[in-house]
Amino acid sequence: MDFKEAAKLGSCLSKDYAEDLFRLLTTYKSISASEAASRLGLHIKTIQDCLEDLYSLEILDREEVYEGKRPYFRYHLKVKEISMMVDLSTFHLKEDATDSRVKMSIREMKNAKARFTTSRSNDYISNIVIWMGEGRSRTERKINLSIPQGKFLFHLPFPTAEPLNITEIMHKAGLDDAHIPEIVDIVDVLIEFEVIERI
Amino acid sequence: MYFPRKLKQDFRITGFIPAISCLLAGALFWIFIGKKEAFLAVSVFFILYAGFSFSIYIRTRNQSYLAACLWQLLFGMYLLTRFGQPLIPVLDSKVPELIFVLFLASTVWLLYLFFTKRAKWKGREVFELASMTIEPVPDGFTDRPRPAGKAEYTRDELIGFAGFLRKHLIAMPCFEENQVVFVPVKMGDEFRYLFNREKFRRDRSWIAFDYRGNVSVVISRIDYIDYKEELSFDQLCENLGKLFIGFMGYYRKGEADRIVYKLNELGLGKTS
């Protein structure tokens with residue numbers, strides 16, 4: 001199950017009427033959205049959406065029926081149990097020291113619209129406030145940094161300094177390769193917000 | 001030796017403001033109340049100001065403030081007990097003469113300290129020295145601290161170094177949990193520092209030495225725009241850090257006087 005499907009299933013299960021709805025589904029051979037909604041005292045659209053989500057997740061099956069009026073769907077359970085397994089390793093950016101992104105040279109952008117706040121110990125950056133937009137529509141976005149990210153940014157070359165690649169900066173900051181994914185992540189974000197420039 | 005100046009000229013007269021205010025107040029007292037009251041007001045002002053100077057001496061351990069305190073106290077007492085027209089009764093007629101002699105001696109001491117630049121806050125010298133070899137490069141400013149390298153020193157040496165820089169008014173130390181932060185104070189900014197040290201520390205440039213030997217530098221926007229041109233910011237931070245690491249080196253070798261010599265060698269004015 002991918003993360004989006006897991007999120008959809010989680011959303012269905014977290015509804016306060018979910019338990020009653022599944023009780024109906026296990027009790028009835030098949031049930032329509034209007035029957036379930038009237039039984040639970042809810043709006044038909046609410047139940048319809050939930051049943052459709054469960055159908056798209058292949059937990060329910062449906063059949064279209066005609067009873068002298070416009071067609072509608074009747075739903076019945078396709079499975080006897082639900083299990084959810086999400087592989088979190090798919091989120092891990094497989095960056096290593098040979099990755100081209102780690103080799104890119106970077107430095108702080110000239111006149112970057114950002115304010116860096118240092119930690120109390122003054123040896124790493126604790127957060128960055130980035131200003132977005134102009135004039136009255138200007139907004140601030142604050143990004144709190146992990147300590148490795150803060151140490152990395154503390155050693156980021158200044159706007160007029162010679163750019164360095166990520167590996168070199170990590171070496172200066174005393175960070176090991178285990179932190180590469182989170183470093184690459186924050187560098188990508190700051191390139192996007194024009195705080196860091198790629199040379 | 002001639003050094004091209006990188007900082008804008010300073011025409012501030014902050015150091016003279018208390019004296020000018022006092023004389024102005026004395027003149028107003030003389031015009032609207034009377035001569036005796038004017039002398040009394042000026043003498044009270046100087047005696048109170050002596051207390052303020054002494055508090056600065058306690059904070060900086062700079063002997064020019066002790067000399068200033070003594071001079072102000074003796075001047076105030078001289079006005080109160082001057083020959084022939086004492087404002088307060090004097091039991092022994094030799095007391096005013098003694099006060100006058102001590103006043104003249106303290107004047108000589110104070111002038112000696114002034115002309116040998118021992119009374120000068122040396123922040124301008126620090127920034128001039130840091131910028132000496134730097135070329136203009138625009139758009140380099142950032143408020144981020146810059147790691148300036150590592151230096152070797154013990155905790156006791158760092159504390160001693162802080163005391164030396166404070167005593168010679170080169171940079172004021174702030175002792176923090178894991179580091180000592182040095183804030184160079186320019187002449188004319190001393191009252192801002194003395195009256196609101198925390199705000200001054202936040203808004204101005206500093207050089208931090210932590211107890212593990214790491215040195216980092218921040219140059220504030222206020223200090224950066226005090227330069228005539230936009231200098232290469234990265235180099236400026238690096239030089240400022242190296243300058244203080246060099247100062248520490250002199251201090252550890254027992255050659256701390258070289259620090260003061262290097263700063264005085266720039267030949268900046270005694271009141272700027």
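Visitor: How far apart are the mean positions of the positive and negative charges of chain B?
Guide: In this predicted model, the mean positions of the 37 positive and 28 negative charges of chain B lie 4 Å apart.

Visitor: And what is chain B built from, in terms of secondary structure?
Guide: Its secondary structure comes to 11 helices and five strands, and the C-alpha atoms of chain B fill a box of roughly 65 × 40 × 40 Å along the principal axes.

Visitor: How much of chain B counts as buried?
Guide: Of its 272 residues, 48% count as buried, while the area that chain B exposes is about 13,700 Å², with carbon and sulfur atoms supplying 62% of it.

Visitor: Okay, what share of the contacts links residues 24 or more positions apart?
Guide: Among contacts in chain B with a separation of 6 or more, residues 24 or more positions apart account for 72%.

Visitor: Let me pick one residue, B:Ser131. Where does it lie?
Guide: B:Ser131 lies in helix α5 of chain B, which covers residues 123-131.

Visitor: Is B:Ser131 buried or exposed, and why?
Guide: B:Ser131 counts as buried because its relative accessibility is 0%, and the cut-off for buried is under 20%.

Visitor: Which residues does it touch, then?
Guide: Leaving out residues up to four places away in sequence, B:Ser131 touches B:Lys6, B:Tyr227, B:Leu231 and B:Leu236. Of these, B:Leu236 is also one of the buried residues of α10(B).

Visitor: How long is helix α10 of chain B?
Guide: Helix α10 spans residues 233-252, so 20 residues, and reaches 29 Å from its first C-alpha to its last, which is close to the 28 Å expected at 1.5 Å a residue.

Visitor: Which of its residues are buried?
Guide: The buried residues of α10(B) include B:Phe233, B:Leu236, B:Leu240, B:Leu243, B:Phe244 and B:Phe247. An α-helix has 3.6 residues a turn, so residues three or four places apart point the same way.

Visitor: What comes just after α10(B)?
Guide: Just after that helix, B:Gly254 takes a positive phi of about 80 degrees.

Visitor: New topic: how many disulfides does the structure hold?
Guide: Over all chains, the structure holds zero disulfides.

Visitor: Why is A:Cys12 not bonded to A:Cys50?
Guide: The sulfur of A:Cys12 is 4.2 Å from that of A:Cys50, its closest cysteine sulfur, and this is too far for a bond, because a disulfide needs the two sulfur atoms within 2.5 Å. A:Cys12 also counts as buried, at 2% relative accessibility.

Visitor: And how far is B:Cys22 from the nearest cysteine sulfur?
Guide: B:Cys22 is in no disulfide either, and the nearest cysteine sulfur, that of B:Cys69, is 15 Å away. B:Cys22 is buried, with a relative accessible area of 3%.

Notes:
Residues are numbered from 1 along each chain as its sequence is written. Chains are lettered from A and ligands numbered from 1 in the order in which they are written. This is a predicted model: local features need pLDDT of at least 70, side-chain atom pairs count only at pLDDT 80 or more; totals for chains, interfaces and linings use all residues. Side-chain values use heavy atoms; hydrogens and water are left out. Helices (H or I, at least four residues) and strands (E, at least two) are DSSP runs, numbered from the N terminus. Buried means under 20% relative accessible area, exposed over 50%, partly exposed in between (1.4 Å probe, protein chains only). Contact means heavy atoms within 4.5 Å. Accessible areas come from the Shrake-Rupley method with a 1.4 Å probe; for residues, only the protein chains shown count as cover. Lys and Arg count as positive and Asp and Glu as negative; His and the chain ends are not counted. The place of a charge is taken as NZ of Lys, CZ of Arg, CG of Asp or CD of Glu.
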